[in-house]
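Work through these exercises with the structure open beside you. Try each task before reading its solution.

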Amino acid sequence: MRRQTLTAWALLLPAACLLVVFTHGPVLRTVLATFYTTPHGRLPAKFAGFDNYAHLIADPIFWQALRNNLLYAGLTIPASMGLALVMALLVNGRMRGRGFLRMAFFTPTVLPLIAVANIWIFFYQPGFGLIDQIRGLFGLGATNLLGQGDSALYAVAAVAVWKEAGFFMIFYLAALQAIPQSLIEAARLEGANALQIFRRVIWPLLTPTTLFVAVNAVVNAFRLVDHIYQMTGGGPNNATALLFYYLYQVGFQFWDTAYAATLTTVLVVVLGLVSVGQFLFLDRKVHYQ
Amino acid sequence: MTMSYLRGLTLGAAATLALCAAPALALDLQFYFPVAVGGGAAKTIGELTDAYMAQHPDVKIEPVYTGSYVDTIAKAMTAAKGGNPPQLAVIGAAEMFNLIGEDVIAPFDDYVSDADKAAWFGGFYPAFMENSQAFGKTWGIPFQRSTPVMYWNKEAFRKAGLDPEHAPASWDEMVEMARKLTVKDASGQVTQWGVRIPTAGLPYWLYQGVAIANDAILASADGKTTAFNSPEAIEAAQKLVDLTTAQGVMEKGTLDWGATPKAFFEGNAAMIWTTTGNLTNITQNAPFPFGVAFLPAIKHFGAPTGGGNFYLFKDSTDEEKKASVDFVKWMTAPEQAAKWTMATGYVAPRAEDWDTPALKDYVAKVPGALVAREQLQYAKAELTVYQNAQITQILNSALEAIMTGQAEPKAALDEAQAKADAILKAYR
């Protein structure tokens with residue numbers, strides 16, 4: 001028994017070392033850094049108590065970034081998941097050009113976001129951008145979606161949905177293919193129509209996938225900011241500042257490392273709570289086979 | 001068999017000796033550089049350093065491409081804070097006080113003779129030295145420096161009944177011409193805007209093209225005080241937003257910086273403001289004849305300078321610093337400066353550079369290149385303060401709020417000034 005325990009620990013040790021060095025250690029140091037000032041040149045870091053947290057509560061850009069992020073999550077999570085499911089159902093059936101369609105849906109996932117963001121900038125250009133050219137065909141006027149405070153966040157959210165839906169589709173597609181045909185045939189024999197089959201058979205069997213995709217979608221809503229960097233830089237006037245982007249700005253442009261650590265800590269706590277909640281709450285509704 | 005074995009051994013020993021000897025003789029220098037314009041900038045840097053090493057076998061220089069300006073300062077700062085900085089780096093001129101404040105750079109003065117100080121430092125255009133010198137020392141050597149200019153579409157001018165060879169010289173004239181250049185279709189939709197001054201992302205730079213011409217200097221020379229809400233600064237912001245509202249000659253909202261040359265090529269805007277660094281791009285891609293002009297005068301002509309300087313990092317030996325200074329001196333000598341200007345479109349930073357046969361030929365072919373140089377006499381340093389990135393971001397947000405109609409110029413700039421004061425207070 002003792003030998004077994006020792007062996008177990010020995011086997012776990014390499015992974016544990018890596019986790020301590022690259023995950024838990026930095027987390028601890030980050031949390032510690034939030035109680036000190038940022039060192040500048042010859043001025044070393046000083047103990048600051050909860051000053052950084054007080055600054056955070058008084059920082060209007062933090063609150064705006066949080067509000068933006070919640071709206072961004074509220075837009076991108078349901079939209080990308082819904083679209084993914086629709087696309088998966090579409091390319092699951094037998095149809096001509098199915099392989100091509102699957103590839104087309106999946107392509108955005110393969111492209112690096114920072115590169116496609118550069119192309120999206122041109123789609124959104126007022127007057128000569130793709131979107132305005134299409135609008136022009138219907139006699140509609142020019143728009144400046146990225147350049148207006150009230151539309152910019154929606155414009156960058158659309159790019160995220162476009163990017164993510166194809167990725168989530170793959171999971172739904174795999175889940176759909178794993179559903180035994182016999183269940184669907186049985187339902188059909190009972191006289192169920194397509195909608196009933198979806199609601200009573202397919203959807204319940206997809207719930208484990210939905211939970212997995214939802215957790216990923218939530219994480220991505222707080223993590224995926226490459227296109228913000230490229231397309232708006234958080235502007236105009238912080239209209240597209242998301243928490244993670246703001247954190248990058250504070251940490252690596254303003255070099256206020258103590259405040260960046262504070263933002264990180266808050267972000268980690270919020271994300272941790274959300275995912276714990278997700279598992280506890282949704283787990284009960286998930287139908288595992 | 002034994003012969004070839006012996007020969008192999010001798011060769012091997014010789015190679016080992018050579019390998020051991022090389023690092024002992026040569027001085028290793030690492031040099032970070034950003035690329036902010038298209039074209040062959042990185043290739044030219046490689047060619048220039050190779051040429052220098054061929055002439056100086058005792059020095060080995062490793063140029064490291066470090067991304068954009070923002071990436072480069074981030075990498076250099078991280079390396080310096082980790083105790084392993086490069087010996088040299090090209091970083092934004094506006095970062096001078098930031099680098100001094102973080103105590104990571106050394107002034108060039110200690111490694112340059114008095115005679116050289118006068119001849120070398122004194123040979124750069126004064127506008128470029130404004131944010132290269134502070135506290136009586138020289139902290140940056142101008143290298144890839146730029147300034148914004150106005151490009152105009154001669155064909156659009158002709159169609160609008162304007163003289164295609166005459167660019168607007170004053171702000172009022174620009175507005176007047178822009179009115180004539182703004183074209184609407186039958187349904188009242190604008191198909192061509194009179195002017196495009198991009199204000200998304202980094203509006204502070206082109207805004208200073210208006211502010212400096214209106215006598216508004218945004219920062220004190222010591223980098224510790226800003227003047228965002230002076231009456232002249234507020235008036236300059238009002239002029240900028242009026243283009244999109246009262247005068248209706250520019251698209252409403254903020255406009256993307258990178259897409260601006262494209263808007264010009266597509267005929268979406270008849271006049272654009274952008275960096276002289278875009279000259280090569282526009283020369284190659286504009287499907288119509290175009291002109292290059294000064295930014296229009298308000299009280300007088302005016303423009304900010306921009307771009308990057310060479311900085312010397314503190315955490316290196318005296319020997320390395322001397323070798324670095326030698327290299328920088330060579331890089332900024334007329335022959336190299338001419339090569340660099342022709343490859344990139346940056347403004348050669350010394351008067352003598354323009355006397356080289358290479359640049360004389362270039363100017364004969366691309367007369368627009370001269371406009372930027374001529375404008376330098378009216379140019380002032382771009383916003384350069386302590387905590388530069390943060391202060392710039394505050395001004396950017398205020399300007400974006402103004403351009404998108406979320407705030408009045410005075411209210412937005414008052415708030416920006418208060419925020420900047422709160423941060424810079426610590427440095428006074």
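The exercises below concern a predicted model, and each one comes with a worked solution.

**Exercise 1. Describe the build of chain A: how many helices and how many strands are there?**

Step 1. Count the elements. Chain A has 12 helices and zero strands.

Step 2. Read them in order. From the N terminus on, the run is α-α-α-α-α-α-α-α-α-α-α-α.

Step 3. Take the extent. Along the principal axes, the C-alpha atoms of chain A fill a box of roughly 75 × 75 × 30 Å.

**Exercise 2. Find what is unusual in the loop between α10 and α11 of chain A: which residues should you look at?**

Step 1. Recall the background. Most peptide bonds are trans, and most residues other than glycine have a negative phi.

Step 2. Go to P236(A), which is placed in the loop between α10 and α11 of chain A. The peptide bond leading from G235(A) to P236(A) is cis. Its omega is near -10 degrees.

Step 3. Move on to N238(A), found in the loop between α10 and α11 of chain A. N238(A) is not a glycine, yet its phi is positive, about 65 degrees.

**Exercise 3. Characterise the interface of chain A and chain B: how many residues does each chain bring to the contact?**

Step 1. Count the residues. Chain A gives 31 residues and chain B gives 37 residues.

Step 2. Take the area. About 2600 Å² is buried between the two chains, and carbon and sulfur atoms give 50% of it.

Step 3. Find the main contributors. F128(A), F254(A) and W255(A) supply 25% of the area that chain A buries against chain B. No other three residues supply more.

Step 4. Check the pairs. There are zero salt bridges between chain A and chain B. Polar contacts do occur: eight residue pairs make them across the interface.

Step 5. Place the contact on chain A. Three helices each supply at least two residues: α5 (113–123), α10 (226–231) and α11 (243–253). The largest share comes from α11(A), with four residues.

Step 6. Sort by class. The side of chain A that touches chain B has 15 nonpolar, 15 polar and one charged residues.

**Exercise 4. Trace a salt bridge in chain B: where do E176(B) and R179(B) lie?**

Step 1. Start with the principle. Side chains of opposite charge can pair when their charged atoms come close.

Step 2. Get the total. Over all chains, the whole structure holds 14 salt bridges.

Step 3. Pick one pair. The side chains of E176(B) and R179(B) form a salt bridge at 3.3 Å, N to O.

Step 4. Locate the pair. Both residues lie in helix α8 (residues 171–181) of chain B. They are three residues apart, about one turn of the helix.

**Exercise 5. Explore the second largest pocket: which residues lie nearest its centre?**

Step 1. Take the volume, about 1200 Å³.

Step 2. Read the lining. It has 38 residues, and nearest the centre are H40(A), D256(A), Q390(B), A422(B) and I423(B).

Step 3. Assign the elements. From chain A, α2 (51–58), α3 (60–92), α11 and α12 (257–283) give two or more residues each. From chain B, α4 (96–101), α17 (388–403) and α18 (409–424) do so.

Step 4. Sort by class. The lining divides into 19 nonpolar, 12 polar and seven charged residues.

**Exercise 6. Look at the enclosed spaces: how many cavities of 30 Å³ or more are there?**

Step 1. Count them. There are six.

Step 2. Turn to the largest cavity. It holds about 120 Å³ of space.

Step 3. Name its lining. Of 16 lining residues, L146(A), G147(A), A200(B), T254(B) and D256(B) are closest to the centre.

Step 4. Sort by class. The lining of the largest cavity has seven nonpolar, seven polar and two charged residues.

How values were computed. Residues are numbered from 1 along each chain as its sequence is written. Chains are lettered from A and ligands numbered from 1 in the order in which they are written. This is a predicted model: local features need pLDDT of at least 70, side-chain atom pairs count only at pLDDT 80 or more; totals for chains, interfaces and linings use all residues. Side-chain values use heavy atoms; hydrogens and water are left out. On a 1 Å grid over the protein atoms alone, a cavity is a set of points where a 1.4 Å probe fits but cannot get out, and a pocket is an open set with protein on both sides within 12 Å along at least five of seven lines; lining residues have an atom within 4 Å of a point. Grid points are joined across faces, edges and corners, and a volume is the space filled by probe spheres set on the points. Ala, Val, Leu, Ile, Met, Phe, Trp, Tyr, Cys and Pro count as nonpolar, Asp, Glu, Lys and Arg as charged, and the others, Gly among them, as polar. Contact means heavy atoms within 4.5 Å. Buried area is the accessible area (1.4 Å probe) that two parts lose on being put together, summed over both. A salt bridge is a side-chain nitrogen of Lys or Arg within 4 Å of a carboxyl oxygen of Asp or Glu. A polar contact is a pair of N or O atoms within 3.5 Å; within protein, one must be able to donate a hydrogen and the other to accept it, and residues adjacent in sequence count only if both atoms are side-chain atoms.
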